[in-house]
Amino acid sequence: MPVLNGKELRIVGFLCNWCSYGGADTAGTARAGQPTDLRIIRVPCSGRIDPLFIVKALLNGADGVLVSGCHPRDCHYAAGNFYARRRLEVLKQFLPVLGIDDRRFEYTWVSASEGQRWQHVVQTFTKRIHDLGPAPKLEDPEPLLKVVDMALTSLRPLGTGQKNKLDELKAAIKAKLPELEVVIGWQQGYDAARTVPLFMRTPEDVDKLVWGPFNVNNPAVYLPQYKGKKVGIVVKGCDAKSVVELLQENLINREDVTIFAMPCEGTLDMARVNQELGRYTTIDKVEYDEVGVTITADGKEHRFCMNDFAQGKCYGCTMPTAVLSDTLIGTPTEVKPGPYTPPELALLDSMSLDERLAFWRGQMERCIRCYACRNACPMCVCRDYCIAESREPHWISQEDSTRDKLFFQTIHAMHLAGRCTGCGECQRACPVGIPILALRQQIARAVGQLFDGYKSGVDPEAVPPLLGYEVEEKNIHEREWK
Amino acid sequence: MSITRFVKPEGLPAFLAHLSKDARVLAPVVKPADKRSVVFEPWKEGKEFTLEKATVPAKAAVLPQCETLVSYRKVKDKANPQNVTLELDDTPQAETTVVFAARPCDARGYVTLDRPYLKGPIADPYYKARREKLTVITLTCNSGCNTCFCHWVGGGPSSPEGSDILMTELSDGYILQGITPKGDALLEGSGLDDGADRFKEMEDVRKAAWATLVKAPNLKDAPAKVAAKFTDVDFWTRETDRCLSCGACTYFCPTCYCFNITDEGEATSEKGGRRLRTWDNCMSPLFTREASGHNTRMEKALRMRNRVSHKFSTYPENWGTFSCNGCGRCISNCPVSLDIRQIVLDAINADKAAK
Ligand code: SF4
Ligand code: SF4
Ligand code: SF4
Ligand code: SF4
Ligand code: SF4
């Protein structure tokens with residue numbers, strides 16, 4: 001083919017059986033010449049195309065991926081391509097955070113009669129990929145280990161929440177306890193400088209409840225396992241978003257869950273706290289004041305001011321009080337939304353595509369596939385049947401390559417698209433501190449931009465954007481094939 | 001008295017360079033991040049290393065996260081395409097390796113792994129090949145920490161078990177003490193200065209380390225008491241309430257040794273196929289899911305029961321000692337800080353509490 005000079009590159013095409021595959025056929029029958037780089041995989045419908053097919057191809061050496069289906073309103077199955085359009089657009093906006101040039105992926109619509117259009121699409125896309133050249137491989141760059149900048153300014157002054165009326169909350173829980181199987185909250189952990197989830201079944205258990213900056217765990221993660229049983233949960237503002245998202249997806253029933261809430265003033269980034277404490281054997285005491293905590297470990301005092309040591313999400317938190325609750329102790333705090341980019345995402349934003357690839361190479365190397373990130377995620381509900389480990393379907397090998405590890409992170413991130421509330425538990429759970437939250441944050445940002453500022457976990461009645469579609473999408477436009 | 005050598009901090013890179021002449025040296029390296037971690041990585045000249053306790057133990061030196069057990073390929077005879085021969089390669093992937101600056105709990109981990117892998121009815125050839133090529137240089141701990149409890153389970157901050165060389169930090173450098181003939185030989189060929197005159201100081205530092213540890217409870221009855229709790233499912237359910245069923249506690253454990261075997265690739269393809277052995281763990285529901293779909297340990301409580309019982313009751317039954325070395329990594333790396341110490345203590349004190 002004279003259209004392009006030089007060596008063939010590897011382009012994977014996913015074509016729907018009813019329109020685009022027919023279109024390619026029409027082009028062939030009409031002897032409309034095309035470059036030969038494209039390898040076609042026929043699928044029943046563009047709605048069948050999991051965005052992960054595309055990521056998998058790109059991570060495993062494809063230089064480009066082209067998806068083509070029936071024109072909108074022309075789907076053989078009525079709406080498959082409407083769903084596909086949303087997913088594929090989100091994917092396109094997700095790829096750059098991995099360090100993959102989004103021009104290497106395109107989706108379009110070609111009908112069975114449009115042989116010429118097909119020829120044009122293939123020629124244009126193949127030329128684009130040749131202009132870009134062979135795709136950089138994850139294994140090639142030198143690992144880049146940049147650190148997230150946590151010197152952040154909070155939208156409001158953060159505090160330790162010690163003025164909250166914990167006793168009132170305990171009384172409220174005790175009053176409700178007889179009707180409930182369990183109420184989930186927090187208690188002191190193995191020392192006074194950390195808390196762990198608490199499962200309250202008796203009034204004595206309720207006495208162990210604590211409230212304050214160490215309450216980092218998101219108790220919503222336990223709710224789906226109690227579906228159908230009457231349970232209570234104590235929530236911070238961000239935890240409530242997870243509860244609402246679970247309600248949005250019918251993963252729990254509203255009438256089963258009793259939500260207890262108090263306004264949150266921020267929680268600590270335990271990674272930095274532990275780093276500052278260093279190796280110690282005993283916590284002598286923990287003292288709270290309005291703006292921070294003083295921890296004495298092995299006789300040495302360490303001061304943690306909330307404004308300096310909070311979790312990344314707390315700095316931009318606009319909903320410190322539960323959006324939905326049955327018992328609220330205290331008055332909701334009003335926070336004016338302001339400019340805020342999550343620190344992990346800000347770091348990725350500051351990098352070039354090549355640097356991002358080198359960054360993930362450097363970060364994912366040390367992942368040991370423990371899946372703490374997955375299991376700590378309140379929205380990850382099929383974890384016992386996760387495709388990360390299943391052989392049937394066989395999505396991913398058990399190898400310890402950086403590629404497989406990064407692919408798992410994209411699986412998690414894509415499965416959370418439009419569902420992730422940004423609670424940060426995945427990243428907090430990672431024992432080796434991989435800043436995986438950036439991947440989720442980028443998707444959340446894309447979802448917000450595409451779907452009118454949509455935020456997950458705010459409105460129990462809202463349909464998550466990737467579970468629906470509009471016939472005319474306001475913010476998704478087909479790209480020109482010039 | 002054993003062979004001792006002394007090295008100043010600034011002499012360590014040269015020592016590592018000496019070691020890496022004929023071995024792969026795995027040294028702890030800091031991974032900077034908001035939550036920084038320390039992992040073992042192959043060291044090469046000029047690379048920074050740390051002497052901090054690693055987040056991930058150096059278990060991979062003998063039991064890699066993933067290894068190829070067999071690679072296989074079907075090759076057609078060009079002259080006679082009907083004739084297909086199967087090429088198999090099951091050579092263990094084993095390199096001469098020195099683990100540098102492990103901690104005593106990590107080193108004892110190798111001994112814990114040796115029993116099932118080498119001392120059972122069948123010695124695992126892959127493990128064996130790596131183990132025989134391994135030298136362990138251990139840095140003794142100068143203090144305890146909030147999660148470690150090596151001294152509860154038969155170890156201690158300067159336990160020599162599993163180490164070829166014990167290294168101790170003194171005020172102005174490090175003393176290295178040969179523990180095994182292999183360690184002695186390594187030190188003799190190291191070109192480092194003799195450390196005999198620092199021996200007394202070394203003993204004092206090690207004694208002082210012991211003094212920093214919190215008092216250990218008596219775990220003599222643990223195997224029997226944990227076993228006695230086996231049928232008390234309520235006990236395990238309560239203890240496991242907050243567990244998320246990930247696998248962090250086992251993958252960060254220097255003594256967990258379960259694995260999975262999977263095949264990747266096609267024998268008939270150009271690259272052939274490979275049979276992989278990868279870490280697996282009893283906290284995962286897949287671990288016991290049978291081909292029929294039936295799962296003998298559907299509840300996380302039953303999986304936790306297995307993990308704790310294995311370490312504190314059944315391994316001791318088979319091998320006469322705990323298979324937990326008290327490194328504390330399952331506690332410090334658990335997203336919900338689940339504390340195995342507490343479970344064992346609760347089992348021991350259960351009847352007391354009931355009375
Ligand atoms: S992906 Fe991470 S941030 Fe998002 S809901 Fe799950 S745990 Fe929270
Ligand atoms: S990543 Fe996806 S498949 Fe895996 S458990 Fe979560 S939602 Fe399920
Ligand atoms: S928690 Fe961290 S180490 Fe574990 S699988 Fe997730 S990214 Fe990997
Ligand atoms: S690391 Fe913690 S949460 Fe994960 S399986 Fe182990 S005990 Fe459970
Ligand atoms: S069970 Fe926990 S404390 Fe014991 S050796 Fe394993 S990781 Fe360390």
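In this predicted model, a useful place to begin is the pair Arg272(A) and Asp34(B), which form a salt bridge whose closest N and O atoms are 3.5 Å apart. This pair belongs to a group of 4 salt bridges counted between chain B and chain A, and the polar contacts across the interface of these chains come to 21 residue pairs, with both residues of each pair at pLDDT 80 or more. Several elements of chain B each supply at least two residues of the side that touches chain A, namely β3 (37–42), α8 (248–251), β11 (259–264), β12 (273–279) and α10 (329–332). Of that side of chain B, the largest share, 4 residues, comes from β12(B). Sorted by class, the side of chain B that touches chain A holds 23 nonpolar, 16 polar and 17 charged residues.

The extent of the meeting between the chains can be put in two ways. In residues, 56 of chain B are in contact with 51 of chain A. In area, chain B and chain A bury about 4,300 Å² between them, and carbon and sulfur atoms carry 55% of this. The size of an interface is often given in this second form, as the accessible area lost when the parts come together.

Within chain A there is a further division to follow, since the chain is split into domain 1 (7–132), domain 2 (166–272 + 307–328) and domain 3 (343–467). The contact between domain 2 of chain A and domain 3 of chain A takes 20 residues from domain 2 and 24 residues from domain 3, while the centres of these two domains, taken over C-alpha atoms, are separated by 23 Å. Together domain 2 of chain A and domain 3 of chain A bury about 1,800 Å², with carbon and sulfur atoms giving 59% of that area. Of the area that domain 2 of chain A buries against domain 3 of chain A, 30% is supplied by Val221(A), Glu245(A) and Gln248(A), which is more than any other three residues supply.

Which elements of domain 2 of chain A, and which polar pairs, take part in this contact? The count between domain 2 of chain A and domain 3 of chain A is 7 residue pairs in polar contact, both residues being at pLDDT 80 or more. On the side of domain 2 of chain A that touches domain 3 of chain A, α7 (237–248) and α10 (312–315) of chain A each supply at least two residues, and the largest share, 6 residues, comes from α7(A). By class, this side of domain 2 of chain A has 10 nonpolar, 6 polar and 4 charged residues. The count of salt bridges between domain 2 of chain A and domain 3 of chain A is 1. In chain A, the side chains of Arg419(A) and Glu249(A) meet in a salt bridge with an N to O distance of 2.9 Å.The ligands offer another route through the structure. Around ligand 1 there are 13 residues, the closest being Cys377(A), Cys420(A), Cys423(A), Gly424(A) and Cys426(A). Two helices of chain A, α15 (425–429) and α16 (437–450), each supply at least two residues of this shell, and the shell around ligand 1 divides into 7 nonpolar, 4 polar and 2 charged residues. The surroundings of ligand 2 consist of Arg374(A), Cys380(A), Cys382(A), Arg383(A), Cys386(A), Ile387(A), His412(A) and His415(A), a shell that divides into 4 nonpolar, 2 polar and 2 charged residues. In chain B, the residues surrounding ligand 4 include Cys243(B), Cys246(B), Cys249(B) and Cys334(B), along with Met283(B) and Met304(B). The shell around ligand 4 has 11 nonpolar residues, 1 polar residue and no charged residue.

Over all chains, a search of the whole structure finds 54 salt bridges. One of the pairs in chain A is made by the side chains of Glu473(A) and Arg86(A), with 2.7 Å from N to O. This pair links distant parts of the chain, 387 residues apart, with Glu473(A) in the segment after α16 of chain A and Arg86(A) in helix α3 (residues 80–98) of chain A.

Two details of the backbone of chain A complete the tour. Most residues other than glycine have a negative phi, and most peptide bonds are trans. Ala78(A), however, has a positive phi near 75°, and this residue lies in the loop between β3 (64–69) and α3 of chain A. Glu392(A) and Pro393(A) are joined by a cis peptide bond with omega about 5°, and Pro393(A) is found in the loop between α13 (372–375) and α14 (402–415) of chain A.

Methods: Residues are numbered from 1 along each chain as its sequence is written. Chains are lettered from A and ligands numbered from 1 in the order in which they are written. This is a predicted model: local features need pLDDT of at least 70, side-chain atom pairs count only at pLDDT 80 or more; totals for chains, interfaces and linings use all residues. Side-chain values use heavy atoms; hydrogens and water are left out. Domain bounds come from an automatic or database domain assignment. Contact means heavy atoms within 4.5 Å. Buried area is the accessible area (1.4 Å probe) that two parts lose on being put together, summed over both. A polar contact is a pair of N or O atoms within 3.5 Å; within protein, one must be able to donate a hydrogen and the other to accept it, and residues adjacent in sequence count only if both atoms are side-chain atoms. Ala, Val, Leu, Ile, Met, Phe, Trp, Tyr, Cys and Pro count as nonpolar, Asp, Glu, Lys and Arg as charged, and the others, Gly among them, as polar. A residue is near a molecule or strand if one of its heavy atoms lies within 4 Å of it.
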